[in-house]
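Student: Please pick one part of this model and take me through it closely. Keep the sentences short, and explain each term when you use it.

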Amino acid sequence: MRRFLIIALLICGTSCFAENDLSKQATAFYSDNNFNKTMDLLLQIGEDERSAQDWLLLGNVLDDKGERDNAVFMYQKAVSKDSKYYKAYYNLANCYADNGQYNMAVSNYKKAASLNKENPYVYYNLACTYIKLGELSKAKTNLNKAIMLKSDVAEFHYNLAYVYKQLNKPKLAQTYLDNFNKLNG
């Protein structure tokens, strides 16, 4: 019995290390924009053994190839693997927003923001989605959060200027437009 346990641990350990190596290699290939090699490596990992990041990378590759529905499926698999993996919610939200499914986008951006309160782009994209929904006060709130986290992104200021203009606050709109122009200068 002891030998079986030791052999089983050795086999599992080797398999787990091999899958971890495949994940690391796939991530490296993905960062080099070698999407085919990324996909090949990730598909060698058993579905039950894939990490949330593995599923996310599969989704990213499929999204880059224009296979949006398959990408959404992979992002959902990432969420089911790790419900605290904010990047999967963020990418899901981006897909939904691009498809005009704004309420689904808002829901996923909010979940991403609840899991990572320090990412200004989550708040920025949430604000852009609120703009599309015509919910300008919510857009304003989220743009202000984005600017508090990262004040040197010109687009944040430009969109906040737009929101203030729509809210009939021309002085505040001009302030943020001036900020935009300084940052773009």
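**A threonine and the helices around it**

Tutor: Start with one pair: a polar atom of the T129 side chain lies 2.9 Å from the backbone oxygen of N125. That is a polar contact (a pair of N or O atoms within 3.5 Å; within protein, one must be able to donate a hydrogen and the other to accept it, and residues adjacent in sequence count only if both atoms are side-chain atoms). The model is predicted, so local features need pLDDT of at least 70 and side-chain atom pairs need pLDDT 80 or more, while totals for chains, interfaces and linings use all residues. Residues are numbered from 1 along each chain as its sequence is written, and side-chain values use heavy atoms, with hydrogens and water left out.

Where does T129 sit? It is in helix α7, residues 120–133. Helices (H or I, at least four residues) and strands (E, at least two) are DSSP runs, numbered from the N terminus. T129 has 2% relative accessibility, so it counts as buried. Buried means under 20% relative accessible area, exposed means over 50%, and partly exposed is in between (1.4 Å probe, protein chains only). What does T129 touch? Leaving out residues up to four places away in sequence, the list is A97, Y102, A105, V106 and Y109. Touching is contact, with heavy atoms within 4.5 Å.

Now follow those neighbours into α6. This helix runs over residues 102–115 and has 14 residues. At 1.5 Å a residue it should span 20 Å, and its end C-alpha atoms are 20 Å apart, so the two agree. The expected span is 1.5 Å times one less than the number of residues. The buried residues of α6 are A105, V106, N108, Y109, A112 and A113. Their cover includes α5 (86–98) and α7.

K111 is also in α6. It has a relative accessible area of 34%, so it is partly exposed. K111 touches S83 and Y89, again leaving out residues up to four places away in sequence. Its C-alpha atom is 8.1 Å from that of Y90, although K111 and Y90 are 21 residues apart along the chain.

Next comes α5. It has 13 residues and reaches 18 Å from its first C-alpha to its last, close to the 18 Å expected at 1.5 Å a residue. How covered is α5? Mostly: ten of its 13 residues are buried. Among them are Y89, Y90, C95 and A97. The buried residues of α5 pack against α3, α4 (68–81), α6 and α7. Just after α5, G100 takes a positive phi of about 75 degrees.

C95 needs a closer look. Its relative accessibility is 2%, so it is buried. C128 has 22%, so it counts as partly exposed. The structure holds zero disulfides; a disulfide would be a pair of cysteine sulfur atoms within 2.5 Å.

From α5, move on to α3, residues 52–64. Its 13 residues should span 18 Å at 1.5 Å a residue, and its end C-alpha atoms are 18 Å apart, which agrees. Ten of its 13 residues are buried, so this helix is mostly covered. W55, L57 and V61 are among the buried ones. G66 follows α3 and has a positive phi, near 85 degrees.

α3 also meets α2. Two packed helices are described by the angle between their axes and the distance between the axes. The axes of α2 and α3 come within 10 Å and cross at roughly 140 degrees. The contact is made by F35, T38, M39, L42 and L43 of α2 and D54, L57, L58, V61, L62 and D64 of α3. Axes are lines fitted to C-alpha atoms, for helices over the stretch in contact, and angles run from 0 to 180 degrees between N-to-C directions. The crossing of α2 past α3 is left-handed. Left-handed means the near helix is turned anticlockwise from the far one by less than a right angle; right-handed means clockwise.

Last, step back. The protein chain has ten helices and zero strands. Of its 185 residues, 40% are buried. Take contacts between residues at least 6 apart in sequence: 43% join residues at least 24 apart.
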